[in-house]
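Subject: Structure handover

Hello,

Here is the structure I promised to pass on. Please open it alongside this note.

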Protein chains: 2
Amino acid sequence: MQIYLFYKKALLSGQIGSPYKLPSIRQLAQHLNISRNPIEAAYAQLIAEGYIEGKLKSGYYALELELVQPFYTDEPDKTSRLENQETASSQDNQSLIQFSYDHTAIEYFPLAKWKTCTMKTLQLHSYNLLDYGDRKGEIQLRVLIAEYVRQNRGVICDPEQVIVTAGTQQAASLLGLLLRQEHSTIGVEQAMHPGVLQVLNHHLNPIPFSIELDGIHVDELYQHPTVRAVYVTPSHQFPYGMTMSAGKRLKLLQWAKQANGVVIEDDYDSDFLYEGRPVPALQGLDPNGCVVYLGTFSKALAPALRLSYMILPISLMTRFERELPYYDQPVSRLTQKTMELFMEQGNLDKHVRKMRKVYRHKREVLLNAIASCMGDHVELSGTTSGLHIIVQVRSDRTSEELVNLAAQGGVQVHSIMDYTVGNLSAHKQSFHRGRAQLLLGFGGLSIDQITEGVSRLAQAWRL
Amino acid sequence: MQIYLFYKKALLSGQIGSPYKLPSIRQLAQHLNISRNPIEAAYAQLIAEGYIEGKLKSGYYALELELVQPFYTDEPDKTSRLENQETASSQDNQSLIQFSYDHTAIEYFPLAKWKTCTMKTLQLHSYNLLDYGDRKGEIQLRVLIAEYVRQNRGVICDPEQVIVTAGTQQAASLLGLLLRQEHSTIGVEQAMHPGVLQVLNHHLNPIPFSIELDGIHVDELYQHPTVRAVYVTPSHQFPYGMTMSAGKRLKLLQWAKQANGVVIEDDYDSDFLYEGRPVPALQGLDPNGCVVYLGTFSKALAPALRLSYMILPISLMTRFERELPYYDQPVSRLTQKTMELFMEQGNLDKHVRKMRKVYRHKREVLLNAIASCMGDHVELSGTTSGLHIIVQVRSDRTSEELVNLAAQGGVQVHSIMDYTVGNLSAHKQSFHRGRAQLLLGFGGLSIDQITEGVSRLAQAWRL
């Protein structure tokens, strides 16, 4: 961080400028007697922000500052976010701390192993990998995915039921296309991920259903006989965070069987469980082929890879083969083969085990900080798994007011209201009525950011 | 090829078996005094077919044959196709020769440079590249794409109008979503790419329009005032192959202006022009912001990368920002950054120049072979650019009969009828009536395969 700030200041103040050549990463690491990682990160950030450039086989050079950033300036892109994160971790009290649900601890990404697998892939397969591939995804990767979800989530499927997708949204889009012939509506939980909702809505009319303390209100489903497909997040409801109970799971599958319906199970962050015993996926409990299972490597590994998957029951796979004969696989074969090698070597299992510890620790820090700074003024839920929790604040303020106060105090949080589907008032009545509930994602924050963030929140909310 | 067959036979006959260790690529190259490329290709093919496996830092080993291929057997995947190609190139007269329009000369892919750029990317950017990126694609890549199409195709746009997509189908899907608010129909050419048609059809009702010798019949568009969006392939109509004339281009833009309409210009293989002067893209001729430009790196580089792009007029980009706020970019950031570096170093321009020569040569061989084997019995069209031509056979046989005769003679060709939209009889009347027309793609075939394929066709058709 200091390296980044040092060069940024020197460049902005004109102390150094084009064509100044920066020391190589290796030189600087030796000079400062530190590892190369922080220097690499600092240089990468300076490149991303347009201060310096890396020239192949030559080194890093300062850029003319008048010439750079023609397109960065008015765009709220990720650069600024990364910068915020880094600055915050350096204890700069002015910077924003974001409790975002979709940030992950990318600094733990097994980059060296990924590099090795990438190189090995390019070496082993070379030209054979360059043409159009299997439209469902590379067969060997699908074999490995089927095995991974069997071992970790109790999902039972043949690799031929697996389709590799470029993210969950793309899976949802494909599902919308497959379902829309027989379904005009899709039941959804009363609060859900806005991106998935948007995509489902392209093909189907989403009907929100209440959520109880143990998951979606199945009795309500029986009251809407026209709804025969439903999208749920049983492992860690998004955003509320509860795990669907075993009884509710059986009840939902019972409904699906009777309605001849389809249950879409989005298992988006099931890799990270902190309390209790793992609850196997719905898919594995279902003997009737009613469940579609959605999984992603965005949380377990990195969002930037755009690698997710969908496991279809035979009936829907038959429909896929028949109705989408020209569907093109959107994930690069090189990426798929790299992932294949990465999994074959056991790296995914190892990484997930490691990240479970990392996130368990972050969660403990978060829960402890909340307990000591906020005490009885808040009530927590959704804490047993995943990368976010829900804080319910005992206060007369609305969630909007709390979000604004937090922002003034240098913290970004989201109200659960932001994820509500359809009619707000119906929602308010049905669940946790009247009290402001806020979503706190902790996956991408450092330990210091978590404690500082909670302390700022307590101050901002005067708890 | 001989290496591949040698080991395959030895493995199948039981001469060698698990745990036999194969010689390393380097050893074998030295031993046989040949380059490493053919050995790498042979080993990769043996791995793909499940005969051997590569173990990291150890070498290549024969696999237990009882245990392998549980999923390969009944699946018509790409492995068999590659095998066909390889076998054919080794002059095995029994193997099928496929004149496919979507095969490219992947053996010319600049693999070494791509490897270097991949490694450099992983090294330069490391952790900064692992989170969600810009949803339109990496800004620097979009800057380079905008510059590439400006220089090569006369497209005029700001990088902010560019969206990176995972293939043309994904672009078409996004376009369908953007257009369907204001359009219920989309005009298409009477014959077109079936994959793009399928995707457009998810959101819009495609209405086919006749094609004249210089492109789509614009007067017909005026006769259908409800159609205000049209999809065309002006550089090299797919499948007919004609280039839209300058006059027709202006007429089409005039229509778009009057109708307040949208023209989607799919410039799928415009990099390869063999005769005449390059005709700039429609997009650059249009002062009114009516044209959407679609481009892809599948033909110029490799389909497996899944890298394409779409350039929207400002009005549609505003709609994108407003109506698809949660849209996730589907292309891996690592792939995007690698492409960025690849382009920055001038590799794309260099590669396209090289491939233009390669394809020009293949095309000449094809045209000469047809001239000498088929003479006056055929008439050619669509030969001035792209990776396929159209052969019109002077014969009483239907195109179905010709396709079947070709198949019996060991050649796969497609009838242009396979790409017809909607009513067949209307189509027959409107263009090249009565005569069988076949599409011959040559991009993925070797010189030997092309001459052998044409000679087989002449024999099969008794020309």
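Below is what was found, starting with how the chains relate.

This is a predicted model. Chain A superposes on chain B by a rotation of 180 degrees, with 0.0 Å of shift along the axis and an RMSD of 0.1 Å. The chains are therefore related by a two-fold axis. Both copies use the same surface: 100% of the contact residues of chain A recur in chain B.

Next, the sheet in chain B. It is open and has seven strands, in the order β4-β12-β11-β10-β9-β5-β6. The pairing is mixed. At the edges sit β4 (162-165) and β6 (205-209) of chain B, each paired on one side only. Direction ignored, neighbouring strands are turned by 20 degrees against each other on average.

At one edge, β4(B) and β12(B) (residues 308-311) run antiparallel and are joined by four bridges. V162(B) has I311(B) as its bridge partner in β12(B).

Helix α10 of chain B (residues 246-259) lies across β9, β10 and β11 of chain B. The helix runs at about 145 degrees to β10(B).

Now the nonpolar cores. The largest has 73 residues. F99(B), M339(B), L440(B) and W461(B) have the most contacts inside it. Helix α14 of chain B (residues 347-374) gives the most to this core, with eleven residues. Leaving out residues up to four places away in sequence, M339(B) touches W114(B), L141(B), F297(B), L301(B), L307(B) and L348(B). Another core, of 71 residues, lies apart from that one. Among its members are I145(A), A300(A), M343(A) and F442(A).

Best wishes

Methods:
Residues are numbered from 1 along each chain as its sequence is written. Chains are lettered from A and ligands numbered from 1 in the order in which they are written. This is a predicted model: local features need pLDDT of at least 70, side-chain atom pairs count only at pLDDT 80 or more; totals for chains, interfaces and linings use all residues. Side-chain values use heavy atoms; hydrogens and water are left out. A nonpolar core is a set of buried Ala, Val, Leu, Ile, Met, Phe, Trp, Tyr and Cys residues joined through side-chain atoms within 4.5 Å. Buried means under 20% relative accessible area, exposed over 50%, partly exposed in between (1.4 Å probe, protein chains only). Helices (H or I, at least four residues) and strands (E, at least two) are DSSP runs, numbered from the N terminus. Contact means heavy atoms within 4.5 Å. Copies are superposed by least squares on the C-alpha atoms of residues with pLDDT of at least 70 in both. Two strands pair if DSSP finds at least two bridges between them. Axes are lines fitted to C-alpha atoms, for helices over the stretch in contact, and angles run from 0 to 180 degrees between N-to-C directions.
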